[in-house]
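Here are my notes on the model, set out as numbered points. Please read them with the structure open beside you.

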Amino acid sequence: MRRLLDLPLLRSKLSNRRITAVRRRGKYLLLDTEPAGSLLVHLGMSGRMLLAEAHTPRLPHTHLVLRLDSGPELRLVDPRRFGLAQWLNPGDETTDPSLSNLGMEPLAPDTKNDLPPLLHTRNSPIKSLLLDQRLVAGVGNIYAVESLWRAGIRPSRRGARIAVTRLDRLVHEIQEVLREAIEQGGTTIRDFSAPGGNFGYFAVRLQAYGRVGLPCPRCTSDLREGRIGGRSTPFCPTCQR
DNA sequence: CCAGTATCCTGCAGGC
DNA sequence: TGCCTGCAGGATACTG
């Protein structure tokens, strides 16, 4: 993990603390404790947090195990080690660069009003803007691809070249996609799972992501593979403009 | 300011 | 069957 594994530090900070709240900011998880402090976690591409009975076998690449007085263990598993687990002292939250630079929450009430004009001020491809966590925090590759498909916007189109009414629509679609995906328990492509080990079922609703070469569900043109910011970017050449 | 690429790391699918 | 290559849900540090 990028910054996991100051294991001795984590051990000394987490021992004999009570987890009082679990929060999320963008793609980061915060486990607040008493005495005050927080465990900051990012799952990267392949990370999972699992709640498991202590006697059950641990998966390979289990990097961190918290033994809870309530019984089970909270395990952090991350084969690719792109994730993060870091101790935050009180106050670090406002100074830590990975947290303090995060943009607005996609589902926050103001986002509907604030995000479209912000996107309209930028000249980068709209998809790069959606993935820029400093603008809006929490949209990843799958949901960026799906939202753009739903909104009928080509991922390579620059933010400033998209009418604000279309950006309104895009932000609406982002919110819909996220709400639906959360409702379905997320999107399991290969190794994502919920804390109980359950898979997410949004994958069956994907209409563009992972469907290059298949017909567009809206207009039947074949979906094409684009590449933006080094990331796989399927789109429909006909109905995404 | 912006775009593109490399980098961290492991697992898996596909081609030969 | 086995080896090799490229690609994967992310973030950041570079270069030009």
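1. How many bridges join strand 2 to strand 3, and do the two run parallel or antiparallel? Six bridges join them, and the direction is antiparallel. Keep in mind throughout that this is a predicted model. Strand 2 and strand 3 form a hairpin, with two residues between them. To find the pairing by eye, look for Tyr 28, which stands opposite His 42 in strand 3.

2. The hairpin belongs to an open sheet of four strands, whose order is 1-2-3-7 and whose pairing is antiparallel. Strand 1 (18-25) and strand 7 (84-88) are at the edges; each has a single partner strand, so one side of each has no neighbour in the sheet. From one strand to the next, the twist averages 20°.

3. The other pairings in this sheet can be followed in the same way. Strand 1 pairs with strand 2 (residues 28-34) over seven bridges, in the antiparallel sense. Ile 19 stands opposite Thr 33 in strand 2. On the other side of the hairpin, strand 3 and strand 7 are antiparallel and share five bridges. Here Leu 39 has Trp 87 of strand 7 as its bridge partner.

4. Is strand 3 largely enclosed or left open by the rest of the structure? Five of its six residues are buried, so strand 3 is largely enclosed. Helix 1 (residues 7-14) lies across strand 3 (37-42) and strand 7. The angle between helix 1 and strand 7 is about 50°.

5. There is also an open sheet of three strands, with the order 4-6-5 and antiparallel pairing. Its edges are strand 4 (48-52) and strand 5 (62-67), each with a single partner strand, so one side of each is without a neighbour in the sheet. The twist in this sheet averages 20° from one strand to the next. Strand 4 and strand 6 (residues 73-77) are antiparallel and pair over five bridges. Ala 52 has Glu 73 in strand 6 as its bridge partner.

6. Which residues of helix 4 (residues 111-120) are buried? They are Leu 115, Pro 116 and Leu 119. Seen down the axis of helix 4, these buried residues fall within an arc of 100°, so they line one face of the helix. As background, an α-helix has 3.6 residues a turn, so residues three or four places apart point the same way. The buried residues of helix 4 pack against helix 5 (126-131) and helix 7 (164-183). Asn 113 and Pro 117 are exposed, on the face of helix 4 turned away from the buried side.

7. Now to the DNA. The residues around DNA strand B include Pro 79, Arg 80, Arg 81 and Phe 82. Also among them are Arg 122, Asn 123, Ser 124 and Pro 125, as well as Gly 229 and Gly 230. By class, the surface near DNA strand B has four nonpolar, five polar and three charged residues.

8. DNA strand C is surrounded by 18 residues, of which the closest are Gly 140, Asn 141, Arg 190, Phe 192 and Ser 232. Helix 6 (141-151) and strand 9 (231-235) each supply at least two residues of the surface near DNA strand C. That surface divides into five nonpolar, nine polar and four charged residues.

Note on methods. Residues numbered from 1 in each chain as written. Chains lettered and ligands numbered in written order. Predicted model: local features only at pLDDT ≥ 70, side-chain atom pairs only at ≥ 80, totals over all residues. Buried ≥ 20, exposed ≤ 12 C-beta atoms within 10 Å, placed from the backbone. Arc of directions from axis to C-beta. Contact = placed C-beta atoms within 7 Å. Pairing = 2+ DSSP bridges. Axes fitted to C-alpha atoms, helices over the stretch in contact; angles between N-to-C directions. Near = placed C-beta within 6 Å. Nonpolar A, V, L, I, M, F, W, Y, C, P; charged D, E, K, R; others polar.
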